[in-house]
Amino acid sequence: MGFVNITPEVELVVSESAVREGLVLVNAMHITASVFINDDEPGLHRDYKRWLEQLAPFDASPDRYQHNRTGEDNADAHMKRQIMGREVVVAITAGKLDFGPWEQIFYGEFDGKRAKRVLVKVIGE
Amino acid sequence: MGFVNITPEVELVVSESAVREGLVLVNAMHITASVFINDDEPGLHRDYKRWLEQLAPFDASPDRYQHNRTGEDNADAHMKRQIMGREVVVAITAGKLDFGPWEQIFYGEFDGKRAKRVLVKVIGE
Amino acid sequence: MGFVNITPEVELVVSESAVREGLVLVNAMHITASVFINDDEPGLHRDYKRWLEQLAPFDASPDRYQHNRTGEDNADAHMKRQIMGREVVVAITAGKLDFGPWEQIFYGEFDGKRAKRVLVKVIGE
């Protein structure tokens, strides 16, 4: 489980799009991952990990999670992702992400395998 | 409680819109229901149902949930819907839903009564 | 913790935008707050507060939440906000919010301090 601040990458895409007024969608392309907005504070991130583990504990056995009868061991990651969400939509105003104080965009990984992709889609003018 | 894969219906709306680049919003029009994106795997869906029942148990009595003092018995469904989310926003690229592997759109019903409606809104060009 | 119905304010922004077909994004600009759509029923709101307190209890001590070692006492509010969500996206059809029955937009505050701001962004034509 890990969280990566992807705000600079999203800002770059928005900047290169030349869109001044619009929306940007940022979503995980993986169903055991999340894109969310919150604070970039390491203690908080440790709190999230511990809290998510309480709400949806990792358990590779097929007893707790039927999904793990398919040969997967990541059913808990599908739960954690629903809590944290798949996507965020952020306003673009005057060419920039229209953020409140402390807002940062994170990619959240709950099943740490394979290379991962995030989709960033800008619309507007 | 039940989950219905509505991906084909959303794809049809996107196709008929002739939008090539844009966004599609898909949301439940009911406050005890959800639209979410995850895997179309029956064991996982059973896991979600069991997990949501643990986080927000059905209880028609007015003791656990004050909402059920209004004559309703579905307060738990309002909780389950917040976990799973009201809506998804998906990118449209080259006229198609821009999905990662395994992403499918589901309508989730937590209070199985009455006919239900989903809103699909396409914007772009 | 408190929930404020902001639907009239959002309707006003949509009306003044003169957009007839499009989307409106409504998001909290604070990372311990939420914008969500549900029913305007006081019993349900009390249920949400009690339920969120069970899932992520307030605890100002640094023992339960490492975030509170920074001098903050609101780690629980960051958890509650993830359950309830940061934002909603609503369709605009024929110049109006395209709502199902009972849908109302709320600002949810989980750390009741300071003046608060909500962002409303309308796109479309």
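Colleague: Let's start with helix 3 (residues 75–84) of chain A: how many of its residues are buried?
Modeller: This is a predicted model, so everything here is computed from it. Helix 3 of chain A is mostly covered. The buried set includes A:Ala75 at one end and A:Met84 at the other, with charged residues such as A:Asp76, A:Lys80 and A:Arg81 among them. The count of buried residues in this helix is ten of ten.

Colleague: Which residue follows helix 3 of chain A, with a positive phi?
Modeller: Look just past the end of that helix. The phi there is positive, near 95°. The residue is A:Gly85.

Colleague: Which residue forms a salt bridge with A:Lys80?
Modeller: The closest N and O atoms of the pair are 2.7 Å apart, and the rule for a salt bridge asks for within 4 Å. A:Lys80 lies in helix 3 of chain A and its partner in helix 2 (residues 42–55) of chain A, so the pair ties together parts that are 27 residues apart in sequence. The partner is A:Glu53.

Colleague: Is A:Lys80 buried or exposed?
Modeller: Buried means under 20% relative accessible area. A:Lys80 has 2%, which puts it under that cut-off. Its partner A:Glu53 counts as partly exposed, at 29%. A:Lys80, then, is buried.

Colleague: In helix 3 (residues 75–84) of chain C, how many residues apart are C:Asp76 and C:Lys80?
Modeller: Their side chains meet in a salt bridge, at 2.6 Å from N to O. Both residues are buried. An α-helix has 3.6 residues a turn, so residues three or four places apart point the same way. Here the spacing is about one turn of the helix, and the separation is four residues.

Colleague: Back in chain A, which residues do shared salt-bridge partners join into one network?
Modeller: A:Lys80 and A:Glu53 form a salt bridge. Salt bridges that share partners bring A:Asp76 in with them. The network is A:Glu53, A:Asp76 and A:Lys80.

Colleague: Which residue meets A:Glu109 in a salt bridge?
Modeller: The N to O distance for this pair is 3.6 Å. A:Glu109 is buried, with a relative accessible area of 10%. The other side chain counts as partly exposed at 27%, and it belongs to A:Lys116.

Colleague: How many salt bridges are there over all chains?
Modeller: A:Glu109 with A:Lys116 is one of them. Between chain B and chain A the count is two. Over all chains, it comes to 21.

Colleague: Which residue of chain B forms a salt bridge with A:Arg86?
Modeller: This one crosses between the two chains, with the closest N and O atoms 2.7 Å apart. Chain B and chain A also share 17 residue pairs in polar contact. The chain B partner of A:Arg86 is B:Glu103.

Colleague: Which element gives the most residues to the side of chain B that touches chain A?
Modeller: The elements giving two or more residues are strand 2, strand 3, helix 2, helix 3 and strand 4 of chain B. The top contribution is eight residues. That comes from helix 2 of chain B.

Colleague: What area is buried between chain B and chain A?
Modeller: The contact takes 32 residues from chain B and 26 from chain A. Carbon and sulfur atoms give 58% of the buried area. The total is about 2,400 Å².

Colleague: What kind of axis relates chain B to chain A?
Modeller: A rotation of 120° with 0.0 Å of shift along its axis superposes chain B on chain A, at an RMSD of 0.0 Å. That is the relation of a three-fold axis. In chain B, the C-alpha nearest the axis is that of B:Ile83, 3.4 Å from it. Only 16% of the interface residues of chain B are also interface residues in chain A, so the copies meet through different surfaces across this three-fold axis.

Colleague: Which residue stands opposite B:Val26?
Modeller: Strand 2 (residues 22–28) and strand 4 of chain B run antiparallel and are joined by six bridges. Six of the seven residues of strand 4 (residues 87–93) are buried, so the strand is largely enclosed by the rest of the structure. The residue opposite B:Val26 is in strand 4, and it is B:Val88.

Colleague: Which residue in the turn between strand 4 and strand 5 of chain B has a positive phi?
Modeller: These strands pair in the antiparallel sense over two bridges. B:Thr93 stands opposite B:Lys96 in strand 5. The hairpin leaves two residues between the strands, and the one with a phi of about 55° is B:Ala94.

Technical notes: Residues numbered from 1 in each chain as written. Chains lettered and ligands numbered in written order. Predicted model: local features only at pLDDT ≥ 70, side-chain atom pairs only at ≥ 80, totals over all residues. Heavy atoms only, no water. Least-squares fit on C-alpha atoms with pLDDT ≥ 70 in both. Contact = heavy atoms within 4.5 Å. Buried < 20%, exposed > 50% of the residue type's maximum accessible area, 1.4 Å probe, protein only. Pairing = 2+ DSSP bridges. Buried area = accessible area lost by both parts, 1.4 Å probe. Polar contact = N/O pair within 3.5 Å; in protein donor to acceptor, adjacent residues only side chain to side chain.
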